[in-house]
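Reader: I am new to this structure and would like to understand how each label attached to it is earned. Could you take me through the reasoning step by step?

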2 protein chains.
Amino acid sequence: MSTPLTREKLLDSAEHMFARRGFDGASVRDITADAGSNLGSVNYHFGDKQGLLREVILRRAKRIVEGRDAMLALAVEAAGGKAPTVRAILEAFIAPTVNMAGEHPDFAALMSRMHYEGRFALVGEVFERAFHKSLRAFVAELAKAAPTVPEDEIKWRIFFTVGAFVFVTINPRMIFTVTRSDAAKPDPRALTRRLVDFCAAGMQAPASCKGVRK
Amino acid sequence: MSTPLTREKLLDSAEHMFARRGFDGASVRDITADAGSNLGSVNYHFGDKQGLLREVILRRAKRIVEGRDAMLALAVEAAGGKAPTVRAILEAFIAPTVNMAGEHPDFAALMSRMHYEGRFALVGEVFERAFHKSLRAFVAELAKAAPTVPEDEIKWRIFFTVGAFVFVTINPRMIFTVTRSDAAKPDPRALTRRLVDFCAAGMQAPASCKGVRK
DNA sequence: CGCATAATCAAACGAACGTATGAAAATGTC
DNA sequence: GACATTTTCATACGTTCGTTTGATTATGCG
């Protein structure tokens with residue numbers, strides 16, 4: 001078999017457990033029990049626990065970046081010479097993640113957690129390699145699409161954008177608790193639309209900087 | 001002494017350790033060693049490790065909500081009969097948190113982490129009690145200030161807002177890595193202004209909902 | 001002072017952790 | 001079918017974990 005069954009089950013279970021309990025909170029025993037495999041299988045297949053986390057992340061992160069870059073290229077092409085709209089760029093940025101969150105909510109939750117568990121050099125390295133090159137391309141494209149906004153401001157605002165969807169994709173339960181909304185299943189398309197509405201307006205807002213540049 | 005020294009040192013050290021390593025990653029031994037107190041002091045003063053976390057959160061969360069509510073009341077008063085502007089409301093919502101993040105970055109990081117470690121019933125309960133009542137008041141005020149935006153949309157957008165500042169307050173190091181900005185010290189006032197610019201525009205954006213209400 | 005209460009301390013407990021080991025079973029190849 | 005390789009398995013090792021205990025010291029107060 002080209003794709004060992006135990007390996008895949010371990011990745012699935014680890015994705016689930018790491019997302020729900022964090023790296024420290026999910027024990028190798030929990031994960032292997034959930035995967036129905038032996039205790040030693042993690043060390044055999046991935047070296048150690050951290051190697052397992054690395055593979056869990058790498059397995060899907062590349063897909064998101066590929067989706068983003070593909071949609072961005074499509075938007076650039078569709079604009080035909082001119083710069084794509086801010087909306088189109090942000091949709092290319094947001095949609096692949098929201099869609100991934102719909103298909104693999106555990107992975108979305110894990111990614112969000114990893115943004116906050118910065119103590120792993122591993123995670124920083126993986127994020128750097130997987131996301132940041134693409135991210136810089138988006139900043140460049142946004143700078144062209146919103147020429148009146150200073151590039152510094154664009155960089156901040158792309159992070160506000162990341163923060164917005166990272167936050168809402170991990171724990172919609174809390175949001176529904178507060179909003180008391182009964183639309184309990186957030187349709188990925190509707191969520192993307194909401195996010196793009198919000199972030200595109202924010203991205204193009206005039207900067208009220210009082211010229212305090214040092 | 002009315003404020004026992006050991007207790008305070010434990011809270012400070014726990015805030016720091018929990019923020020940096022998470023609840024599971026920070027051991028009681030780490031915390032007591034950092035506080036210079038005995039291993040058993042956590043259990044003596046707080047019952048157990050989770051009780052320590054509860055006190056760490058409660059110590060500061062109330063201040064943030066008080067700050068928000070006070071600034072909101074001020075904005076309502078200043079508007080004199082009319083509804084305050086969206087900007088004023090969002091500034092009242094954001095500024096106390098950003099200021100707190102400036103004064104106590106460890107607490108800000110901890111709060112962000114806690115948003116993602118939802119497995120503690122404790123955290124959910126504390127958040128509900130500490131924040132959500134105030135949050136609903138902000139939603140109501142925003143609904144008046146932006147009457148053209150459906151209330152459902154307002155609720156989503158206030159969460160996008162929370163996501164934006166939760167994200168940027170926890171780990172500015174990563175952001176600077178990507179932006180390669182050398183303005184390494186994010187002034188709280190400048191950060192608040194940036195966030196308000198972004199979120200106020202997003203809050204008032206026309207909703208491009210295609211009327212797919214179920 | 002004398003005494004009750006509060007706080008600190010060193011030491012130890014059982015449990016759970018990540019990992020290592022060597023034998024057993026499964027798999028692929030000739 | 002025999003052999004080499006890969007994969008599983010039960011088991012054990014050494015650490016570290018959160019918590020408990022009982023003695024010891026400090027503190028508040030009449």
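Reader: Which residues come nearest to DNA strand C?

Author: This is a predicted model, and in it 15 residues lie around DNA strand C, of which A:Val28, A:Arg29, A:Lys49, B:Thr6 and B:His45 come nearest. As for the strand itself, 54% of its atoms within 4 Å of the protein belong to sugar or phosphate, and the rest belong to bases.

Reader: What makes the approach of A:Lys49 to a phosphate oxygen of DNA strand C a polar contact?

Author: A polar contact is a pair of N or O atoms within 3.5 Å. An N or O atom in the side chain of A:Lys49 is 2.6 Å from a phosphate oxygen of DNA strand C, so the pair falls within that limit. The side chain of B:Tyr44 has an N or O atom 2.9 Å from a phosphate oxygen of the strand, while A:Val28 uses a backbone N or O atom, which lies 2.8 Å from a phosphate oxygen. Two elements, α2 (28-35) of chain A and α3 (41-46) of chain B, give two or more residues to the surface near this strand.

Reader: How many residues of each class does the surface near DNA strand C have?

Author: That surface has six nonpolar, five polar and four charged residues.

Reader: Which residues come nearest to DNA strand D, and which elements supply at least two residues of the surface there?

Author: Around DNA strand D there are 14 residues, and those that come nearest are A:Thr6, B:Val28, B:Arg29, B:Asp48 and B:Lys49. The elements that each supply at least two residues are α3 (41-46) of chain A and α2 (28-35) of chain B. By class, the surface near DNA strand D divides into six nonpolar, five polar and three charged residues.

Reader: How do you know that A:His45 makes a polar contact with DNA strand D?

Author: The limit for such a pair of N or O atoms is 3.5 Å. In the side chain of A:His45 an N or O atom is 3.0 Å from a phosphate oxygen of DNA strand D, so this pair meets the limit. For B:Lys49, a polar side-chain atom lies 2.5 Å from a phosphate oxygen of the strand, and for B:Val28 a backbone N or O atom lies 2.8 Å from one.

Reader: Why is B:Ala92 called buried?

Author: The word buried is kept for residues under 20% relative accessible area, and B:Ala92 has 0% relative accessibility, so the label applies. B:Ala92 lies in helix α5 (residues 86-103) of chain B. Not counting residues up to four places away in sequence, B:Ala92 touches B:Arg68, B:Met71, B:Leu72 and B:Phe138. With B:Arg68, which is 24 residues away along the chain, the separation of the C-alpha atoms is 5.3 Å.

Reader: Where is A:Val149 placed, and is A:Val149 buried or exposed?

Author: A:Val149 sits in the loop between α7 (121-145) and α8 (151-170) of chain A. Its relative accessible area is 6%, and therefore A:Val149 counts as buried. Leaving aside neighbours within four places in sequence, A:Val149 is in contact with A:Ile154, A:Arg157, A:Met203, A:Gln204 and A:Ala205. A:Gln204 is 55 residues from A:Val149 in sequence, yet their C-alpha atoms are 6.8 Å apart.

Reader: What makes the pair of A:Phe198 and B:Phe160 edge-to-face?

Author: A search of the whole structure finds 13 aromatic pairs over all chains. In the pair of A:Phe198 and B:Phe160 the centres are 5.3 Å apart and the planes meet at 65°. An angle over 60 degrees counts as edge-to-face, so this pair receives that name.

Reader: Why is this said to join two chains?

Author: A:Phe198 lies in helix α10 (residues 188-203) of chain A, whereas B:Phe160 lies in helix α8 (residues 151-170) of chain B, so the pair joins two chains. A:Phe198 is buried at 0% relative accessibility, and B:Phe160 is buried with a relative accessible area of 0%. Both rings belong to a cluster linked by ring pairs, which also includes A:Trp156, A:Phe160, B:Trp156 and B:Phe198.

Reader: Why is B:Arg194 called buried?

Author: B:Arg194 has 13% relative accessibility, and the cut-off is under 20%, so B:Arg194 counts as buried. B:Arg194 is placed in helix α10 (residues 188-204) of chain B, and, neighbours within four places in sequence aside, B:Arg194 is in contact with A:Glu153, A:Trp156 and A:Phe160.

Definitions and conventions
Residues are numbered from 1 along each chain as its sequence is written. Chains are lettered from A and ligands numbered from 1 in the order in which they are written. This is a predicted model: local features need pLDDT of at least 70, side-chain atom pairs count only at pLDDT 80 or more; totals for chains, interfaces and linings use all residues. Side-chain values use heavy atoms; hydrogens and water are left out. A residue is near a molecule or strand if one of its heavy atoms lies within 4 Å of it. A polar contact is a pair of N or O atoms within 3.5 Å; within protein, one must be able to donate a hydrogen and the other to accept it, and residues adjacent in sequence count only if both atoms are side-chain atoms. Helices (H or I, at least four residues) and strands (E, at least two) are DSSP runs, numbered from the N terminus. Ala, Val, Leu, Ile, Met, Phe, Trp, Tyr, Cys and Pro count as nonpolar, Asp, Glu, Lys and Arg as charged, and the others, Gly among them, as polar. Buried means under 20% relative accessible area, exposed over 50%, partly exposed in between (1.4 Å probe, protein chains only). Contact means heavy atoms within 4.5 Å. Rings of Phe, Tyr and Trp (its six-membered ring) pair if their centres lie within 6.5 Å; planes under 30 degrees apart count as stacked, over 60 as edge-to-face and the rest as tilted.
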